[in-house]
Amino acid sequence: MDTTELLQRIETIEDGMDKLKNTIFAMKMTDIRKYPANYEALSTDAALRAEHLACQLRNIIFTTAVLPKPEYMDRAVKAQGIQFRTDGNLLIIRLPGLLPKRKTRANIGYINDPLYCGIKSYLAEHPIPVFTDCVVCFIQVYDRKLPLRRIRDYDNMEFKQILDTISPFVLKDDSGIYCDSYHTTNLGDEDYTLINIMEKSLFPAWLRSRKDQVSDLSEIS
């Protein structure tokens with residue numbers, strides 16, 4: 001990439017950062033109790049702008065070859081707080097924040113690219129058998145300090161692209177023949193998403209263990 005093209009891209013990013021800053025300022029000035037719809041629109045716009053900016057900056061790194069993509073993505077996994085662990089025959093993945101709404105202009109590559117590299121690296125060091133007849137459980141955890149009206153319908157959230165990223169590494173197939181999905185919601189100290197993957201034979205016991213726990217949602221309903 002020549003210097004002129006590089007500077008043009010940097011200036012585009014600067015312009016995007018100015019717009020992001022203005023949107024965040026508007027969020028600060030908006031009363032979420034009086035104008036929840038306005039606040040939702042502003043916060044969503046800010047988050048999407050930030051994701052787009054992150055992807056633009058990544059592309060500069062990759063096109064200028066200042067850092068190999070695998071090395072950068074390893075750092076991105078740590079920076080975002082993407083976590084992987086196994087508990088017996090259970091694979092648990094933690095993603096930062098909530099999954100975006102479907103049919104938005106969200107650049108889900110922001111999370112998908114590090115997720116792809118992260119799970120590939122994790123399984124290279126912690127190999128597990130491929131799940132052949134499994135349940136994938138998506139747990140949306142919402143910050144309990146924020147209004148409950150933020151909680152969205154499951155069919156309005158982008159699960160498919162996340163599953164498409166994970167499935168080649170750990171699933172025989174993500175079709176309905178081999179894979180069921182389960183969705184639930186919790187309250188916690190911050191927003192995040194948990195993905196639990198297990199064989200179907202383990203799912204009833206896993207579900208009972210969750211129902212035996214006192215639910216934050218049932219406590220306040």
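The exercises below, each with a worked solution, concern a predicted model of one protein chain.

**Exercise 1. The overall layout**

Find how many helices and strands the chain has, and in which order they follow one another.

*Solution.* Begin by counting the elements: the chain contains seven helices and five strands. Next, read them off from the N terminus, which gives the order α-α-α-β-β-α-β-α-β-β-α-α. Then turn to burial, where 36% of the 221 residues of the chain count as buried. Finally, look at the contacts with a separation of 6 or more, of which 80% are between residues 24 or more positions apart.

**Exercise 2. Two salt bridges within helices**

Locate the partners of Asp45 and Glu71 in salt bridges, and state where each pair lies.

*Solution.* A search of the whole structure gives eleven salt bridges, and two of them are taken here. As background, side chains of opposite charge can pair when their charged atoms come close.

Step one is the pair in helix α2, which covers residues 36-64. Here the side chain of Asp45 meets that of Arg49 in a salt bridge, with a distance of 2.9 Å from N to O. This falls under the cut-off, since a salt bridge requires the nitrogen to be within 4 Å of the carboxyl oxygen. The two residues are four apart, or about one turn of the helix. Asp45 is buried at a relative accessible area of 17%, whereas Arg49, at 27%, is partly exposed.

Step two is the pair in helix α3, residues 69-80. Glu71 and Arg75 form a salt bridge there, and their closest N and O atoms are 3.0 Å apart. Because these residues are four places apart in the helix, about one helical turn separates them. Both partners are partly exposed, Glu71 with 36% relative accessibility and Arg75 with 48%.

Step three is the general rule behind such spacing: an α-helix has 3.6 residues a turn, so residues three or four places apart point the same way.

**Exercise 3. A salt bridge between distant parts of the chain**

Describe the salt bridge of Asp133 with Lys200, and find which further residue belongs to their network.

*Solution.* First take the distance: the closest N and O atoms of Asp133 and Lys200 are 3.1 Å apart. Then place the two residues, which are 67 apart and link distant parts of the chain. Asp133 sits in the loop between α4 (109-125) and β3 (134-143), while Lys200 sits in the loop between β5 (192-199) and α6 (203-212). Both count as partly exposed, with 34% for Asp133 and 24% for Lys200. The further residue is Asp180, which is linked with Asp133 and Lys200 in a network of salt bridges.

**Exercise 4. The cysteines**

Decide how many disulfides the structure holds, and how far Cys137 is from the nearest cysteine sulfur.

*Solution.* The count of disulfides is zero. For Cys137, the nearest cysteine sulfur belongs to Cys134 and is 9.2 Å away. Because a disulfide needs the two sulfur atoms to be within 2.5 Å, Cys137 is in no disulfide. As for burial, Cys137 is buried at 0% relative accessibility, and Cys55 is buried at 10%.

**Exercise 5. Two packed helix pairs**

Work out how α1 is oriented towards α2, and how α3 is oriented towards α4.

*Solution.* Start with helix α1 (residues 3-29), which packs with α2 at about 160 degrees, the axes being 9 Å apart. An angle over 145 degrees counts as roughly antiparallel, and α1 and α2 are therefore roughly antiparallel. Their crossing is left-handed.

Continue with α3 and α4, whose axes come within 9 Å and cross at roughly 110 degrees. Angles of 65 to 115 degrees count as roughly perpendicular, so this is how α3 and α4 stand to each other. This crossing, too, is left-handed. The residues that make the contact include Met73 and Val77 of α3, together with Tyr110 and Pro114 of α4.

**Exercise 6. The surroundings of Thr184**

State whether Thr184 is buried or exposed, and which residues it contacts.

*Solution.* Thr184 belongs to strand β4, residues 179-188. Its relative accessible area is 13%, so Thr184 is buried. When neighbours within four places in sequence are left aside, the contacts of Thr184 are Phe138, Ile139, Gln140, Tyr154 and Arg210.

Terms used:
Residues are numbered from 1 along each chain as its sequence is written. This is a predicted model: local features need pLDDT of at least 70, side-chain atom pairs count only at pLDDT 80 or more; totals for chains, interfaces and linings use all residues. Side-chain values use heavy atoms; hydrogens and water are left out. Buried means under 20% relative accessible area, exposed over 50%, partly exposed in between (1.4 Å probe, protein chains only). Axes are lines fitted to C-alpha atoms, for helices over the stretch in contact, and angles run from 0 to 180 degrees between N-to-C directions. Angles under 35 degrees count as roughly parallel, over 145 as roughly antiparallel, 65 to 115 as roughly perpendicular and the rest as oblique. A crossing is left-handed if the near helix is turned anticlockwise from the far one by less than a right angle, and right-handed if clockwise. Contact means heavy atoms within 4.5 Å.
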